[in-house]
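Visitor: Hi! Could you walk me through this one while I have it open?
Guide: Happy to. Let's bring it up.

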Amino acid sequence: MRTRLVVGNWKMNNTVTESVAAVETFVQHVDAKSSVDVVICPPYLAIPRLRDLLRNTHIKVGAQDVFWAESGAFTGKVSAKMLDEFCVSHVIVGHSETRGRFGKLETPENTLGYFAESGATINLKISALLYRAMSPILCVGETASEREAGQTEAVIRTQLEEALTGLDAAELYGTVLAYEPVWAIGTGNTCDSAEAQRVCKFIRGVVGELFDEHVASELRILYGGSVKSSNSRELFSQPDIDGGLVGGASLDPTEFSLIVMSA
Ligand code: PEP
């Protein structure tokens with residue numbers, strides 16, 4: 001039996017003060033006895049305050065990215081060891097934005113190389129998180145042009161193979177996968193629930209092939225891409241969709257609580 005999970009990815013939004021206010025409102029709206037697992041991934045700076053605020057609740061604090069080395073000459077980076085000190089439970093890796101793949105691009109095309117996360121670096125990040133017993137939330141998904149070219153399955157299979165290479169089946173038990181079609185992220189274009197289910201089932205099948213059927217059946221697979229309270233119930237009722245990774249809508253505490261309740 002897979003427990004439902006809803007993750008809020010705040011991206012580069014909310015100062016520490018704004019983060020505290022948002023969480024205080026969210027906690028008032030969400031059912032404290034809910035059986036749904038909830039993780040909020042604020043900007044790094046807000047993690048310590050949110051950890052304190054949420055200490056006696058069922059809501060966990062996550063992070064949006066991590067660097068794979070424990071420490072060293074890596075200017076601007078944050079390690080799993082540093083996140084562990086603040087009891088961070090889950091960390092997003094391979095998000096399309098950290099891969100430099102945007103559904104809606106508002107920055108100049110020639111800045112994309114700045115992001116440039118690869119299958120190899122995602123694999124290193126996952127290993128660093130597992131070493132610290134933290135759960136990676138691995139995002140996979142195709143762009144609009146890859147979908148139009150009929151490459152959705154091939155792209156996702158490659159992303160899974162690269163990110164999960166060298167891992168043991170046992171290491172996958174705490175790992176979460178998220179199907180995030182790039183064309184649906186921050187665009188308002190949600191993937192049709194039947195199609196999201198089809199791709200999530202495909203992802204479960206690939207994990208079964210790469211590891212084993214039991215791990216695949218226990219794995220939580222989330223859908224992400226313009227999830228709102230108006231579409232979450234239908235998405236989350238699909239048999240292979242175990243919850244959501246929510247960007248924009250997680251910034252509104254009332255809307256986010258409705259999404260959590262729909263799970
Ligand atoms: C995301 O950032 O993972 C995401 C799904 O964003 P949004 O919900 O805004 O599309």
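Visitor: How many disulfides does a search of the whole structure find?
Guide: Zero disulfides turn up in the whole structure. Keep in mind that this is a predicted model.

Visitor: Why no bond for Cys41?
Guide: The closest cysteine sulfur, in Cys139, is 9.5 Å from the sulfur of Cys41, so the two are too far apart for a bond. A disulfide needs the sulfur atoms within 2.5 Å.

Visitor: And is Cys41 buried or exposed?
Guide: Buried, because its relative accessibility is 0%.

Visitor: What about Cys191?
Guide: Its closest cysteine sulfur belongs to Cys200, 8.3 Å away, which is too far for a bond. Cys191 also counts as buried, at 3% relative accessibility.

Visitor: Switching to the ligand: which residues come nearest?
Guide: There are 14 residues around the ligand, and Lys11, Glu180, Gly186, Ser226 and Gly248 come nearest. The shell divides into four nonpolar, eight polar and two charged residues.

Visitor: Which backbone atoms lie 2.8 Å from a ligand oxygen?
Guide: A backbone N or O atom of Ser226 does, and so does one of Gly247. From Asn9, a polar side-chain atom lies 3.3 Å from an oxygen atom of the ligand.

Visitor: How much of the ligand does the protein cover?
Guide: On its own the ligand has 290 Å² of accessible area, and the protein covers 96% of that.

Visitor: Last one: where is Arg51?
Guide: Arg51 is in helix 2, residues 47–53. Its relative accessibility is 19%, so Arg51 counts as buried. Beyond its neighbours within four places in sequence, Arg51 is in contact with Val61, Glu85, Phe86 and Cys87.

Methods
Residues are numbered from 1 along each chain as its sequence is written. This is a predicted model: local features need pLDDT of at least 70, side-chain atom pairs count only at pLDDT 80 or more; totals for chains, interfaces and linings use all residues. Side-chain values use heavy atoms; hydrogens and water are left out. A residue is near a molecule or strand if one of its heavy atoms lies within 4 Å of it. A polar contact is a pair of N or O atoms within 3.5 Å; within protein, one must be able to donate a hydrogen and the other to accept it, and residues adjacent in sequence count only if both atoms are side-chain atoms. Accessible areas come from the Shrake-Rupley method with a 1.4 Å probe; for residues, only the protein chains shown count as cover. Ala, Val, Leu, Ile, Met, Phe, Trp, Tyr, Cys and Pro count as nonpolar, Asp, Glu, Lys and Arg as charged, and the others, Gly among them, as polar. Helices (H or I, at least four residues) and strands (E, at least two) are DSSP runs, numbered from the N terminus. Buried means under 20% relative accessible area, exposed over 50%, partly exposed in between (1.4 Å probe, protein chains only). Contact means heavy atoms within 4.5 Å.
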